[in-house]
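Me: Could you take a close look at one part of this model for me? I'd like the surface around one strand, with the rest of the fold as background.

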Amino acid sequence: MATIITYDLANKHTEVKEAMYALGYANRFYYETKYIYLPNTTLYHEIKTAATSRDELMAVCARLNANLERCVATRFVDWATLG
């Protein structure tokens, strides 16, 4: 089941995002005939749970000494898009 996670950081945005990419997260997903790009601080993972995504983001932030201000992770099952 796919998951999206959205977050706010006070610092080290690029480093955190690159570390999350290394764990298999993406800033886009393919739908029907095109890529859907997510907002800047939202990532997608095709198979990880919401809890795993939260825990991985928290671990990445701790390792990089990044100040994670907030995050929400949820299963990605019913959605609509503009873009």
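To start with the background: among contacts in the chain between residues at least 6 apart in sequence, what percentage join residues at least 24 apart? After that, zoom in on Y37 and its surroundings.

Reply: Sure, and keep in mind that this is a predicted model. On your opening question, take the contacts between residues at least 6 apart in sequence: 70% of them join residues at least 24 apart.

Now the fold. The chain has two helices and five strands, and along the sequence they come in the order β-α-β-β-β-α-β. Y37 belongs to strand 3, which covers residues 34-37.

Is Y37 buried or exposed? It's exposed, because its relative accessibility is 53% and the cut-off for exposed is over 50%. Y37 also has company on the surface: together with Y30 and Y35, Y37 forms a nonpolar patch. The three tyrosines add up to about 370 Å² of accessible area.

Stepping back to the whole chain, about 5300 Å² is exposed, and carbon and sulfur atoms supply 52% of that area. On the other side of the ledger, buried residues account for 31% of the 83 in the chain.

As for overall dimensions, the C-alpha trace spans about 40 × 20 × 20 Å along its principal axes. The radius of gyration is 12 Å, and a compact globule of 83 residues would come out near 12 Å, so the chain agrees with that expectation.

Conventions
Residues numbered from 1 in each chain as written. Predicted model: local features only at pLDDT ≥ 70, side-chain atom pairs only at ≥ 80, totals over all residues. Heavy atoms only, no water. Patch = residues over 30% accessible without salt bridge, like charges linked within 9 Å, V, L, I, M, F, W, Y side chains within 5 Å. Areas by Shrake-Rupley, 256 points an atom, 1.4 Å probe, with all protein chains shown as cover. Salt bridge = Lys/Arg side-chain N within 4 Å of Asp/Glu carboxyl O. Helix = DSSP H or I, 4+ residues; strand = E, 2+ residues; numbered from the N terminus. Buried < 20%, exposed > 50% of the residue type's maximum accessible area, 1.4 Å probe, protein only. Rg over C-alpha atoms; globule rule 2.2 N^0.38 Å. Contact = heavy atoms within 4.5 Å.
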